[in-house]
Amino acid sequence: SKEGENKMTRRTVCMFCAVVFLSCIIWFVGCARKVEKVTGITVWHWMTDRQDAFNELAEIYEKENGIKINFELYAPSDAYTQKVMASGQTDTLPDIFGILGEKRIFASFIKAGHVADLTEEMDAGNGKWREVFFSKALDVNRFLPGNQFGIKPGIYGVPIDVTNIQVLYNKALFRKVGLDPERPPSTWREFINAGEKLKAVGIPVLVSGWGEIWLIDCFASNYAFNIMGKEKVIATIRGDVPYTDPDWIRVFSIFKELSEKGLLAQGVVTMVNKTAEQIFANERAAFAFNGSWCVNVYKGMNPALEYGAIPPPKISDKYPMVIWGGAGSSFMVNAKSEKREEAIEFLRWLTDKKQQVFLAKSTQNLPSNKYSLAEIPPILAEFADDMERTTHPSILPVAEFPRVIESFNKGIQSIITGEKTPEQVAKEVQKVKEREIKSQRLER
């Protein structure tokens with residue numbers, strides 16, 4: 001009937017409209033997802049001192065490129081590390097993130113497919129992206145051929161700043177005891193003599209957060225390289241040279257001399273670095289062993305502090321004095337991100353000279369872009385001019401056993417407190433080393 005035909009027509013029209021409506025919704029959602037894919041990049045970080053600066057750069061980038069950058073801060077660093085580890089296990093990492101930890105942890109993220117290999121991007125273009133960076137900063141993010149982790153050779157991270165650890169000295173306290181602040185000690189004997197002058201008038205000499213044993217390891221490593229050279233240090237890690245070797249006894253004896261001469265701040269072996277920074281900033285010690293990040297820290301604690309930065313005074317002329325350093329903070333690109341290319345382009349922009357100068361001035365950290373040094377604060381320049389003499393355990397071809405490192409550093413603490421001699425500590429460290437080598441062979 002005609003009425004039945006009309007009902008069928010209305011039903012058909014309704015169904016057609018419903019299909020069109022649903023198609024529109026699907027199209028709209030799809031478009032929204034496409035826009036989100038291009039306009040939203042999420043970056044996780046732990047750097048509390050840089051959130052404001054990062055947000056300002058994010059606004060600039062969005063205006064210039066139409067892509068929103070979301071910097072998400074998770075602090076302290078321990079909490080951040082736990083979040084990244086958990087997110088790696090559940091495949092919920094953001095587009096860009098950092099990895100805090102040893103090289104083996106970095107390698108584990110690469111093996112799990114969480115970190116993009118950026119070698120091709122670093123080499124692309126006429127200027128080559130890699131050439132703007134300090135080479136030592138890239139080394140921290142690089143895996144060399146034949147590396148012990150079985151990672152394909154390449155560059156897997158982008159350094160956004162660099163750091164190195166040196167000796168700071170208070171110029172006002174120098175003048176107080178007749179020392180020339182423009183001629184700080186360059187040799188160990190000059191350092192000891194200056195320390196004794198300062199001690200004679202009641203000024204504490206050297207402060208550092210040696211309750212954090214990695215800082216002890218850093219100081220000792222500097223002198224190991226200076227006393228015996230890089231190849232012998234590497235041979236020791238490989239197990240070819242024992243820690244009872246006379247050169248290692250000499251390294252341990254440095255701490256005995258500092259302790260016996262009373263040149264270390266009281267409580268240094270239990271002191272965290274934040275306390276050590278407060279002591280130096282408040283001019284209650286003449287020297288500090290600290291990293292380039294201290295520039296920002298000291299500025300907040302005492303803007304009037306007058307100080308300089310020098311490499312640790314050398315003991316030997318046979319080998320150069322190298323210092324710990326490299327990339328301070330690095331970002332990795334999530335290899336599984338749908339916004340991989342956009343993330344890489346953002347990091348390329350972030351490490352351009354203009355943005356690097358902005359970060360250096362606003363956060364007082366050393367820029368990773370070596371072409372931006374001319375416009376950084378003078379005290380940062382004193383750190384920067386020694387970047388090419390830096391080294392770091394993560395860039396050596398071999399890695400020491402964690403238990404050996406712990407025994408080594410805790411042993412030095414016991415030398416400082418007078419509980420053990422350098423010879424006793426050397427024997428104990430060597431025993432741990434031999435145990436670890438034996439255990440490794442049994443596992444194989």
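1. How much area does the protein chain expose, and what share of it do carbon and sulfur atoms supply? The exposed area is about 21600 Å², with 53% supplied by carbon and sulfur atoms; accessible areas come from the Shrake-Rupley method with a 1.4 Å probe.

2. This is a predicted model, in which local features need pLDDT of at least 70 and side-chain atom pairs count only at pLDDT 80 or more, while totals for chains, interfaces and linings use all residues. Residues are numbered from 1 along each chain as its sequence is written, and side-chain values use heavy atoms, with hydrogens and water left out.

3. The protein chain holds 18 helices and twelve strands (DSSP runs: H or I of at least four residues for helices, E of at least two for strands, numbered from the N terminus). Along the principal axes, its C-alpha atoms fill a box of roughly 115 × 60 × 40 Å.

4. Buried residues (under 20% relative accessible area, 1.4 Å probe, protein chains only) make up 50% of the 444 in the protein chain.

5. The largest nonpolar core (buried Ala, Val, Leu, Ile, Met, Phe, Trp, Tyr and Cys residues joined through side-chain atoms within 4.5 Å) has 61 residues, of which Trp210, Leu258 and Phe287 touch the most other members. Helix α9 (residues 213–228) gives the most to this core, at ten residues. Another core, of 49 residues, lies apart from it and includes Leu57, Ala107, Val115 and Val333.

6. Beyond its neighbours within four places in sequence, Leu258 has contacts (heavy atoms within 4.5 Å) with residues including Trp188, Phe191, Trp210 and Phe219.
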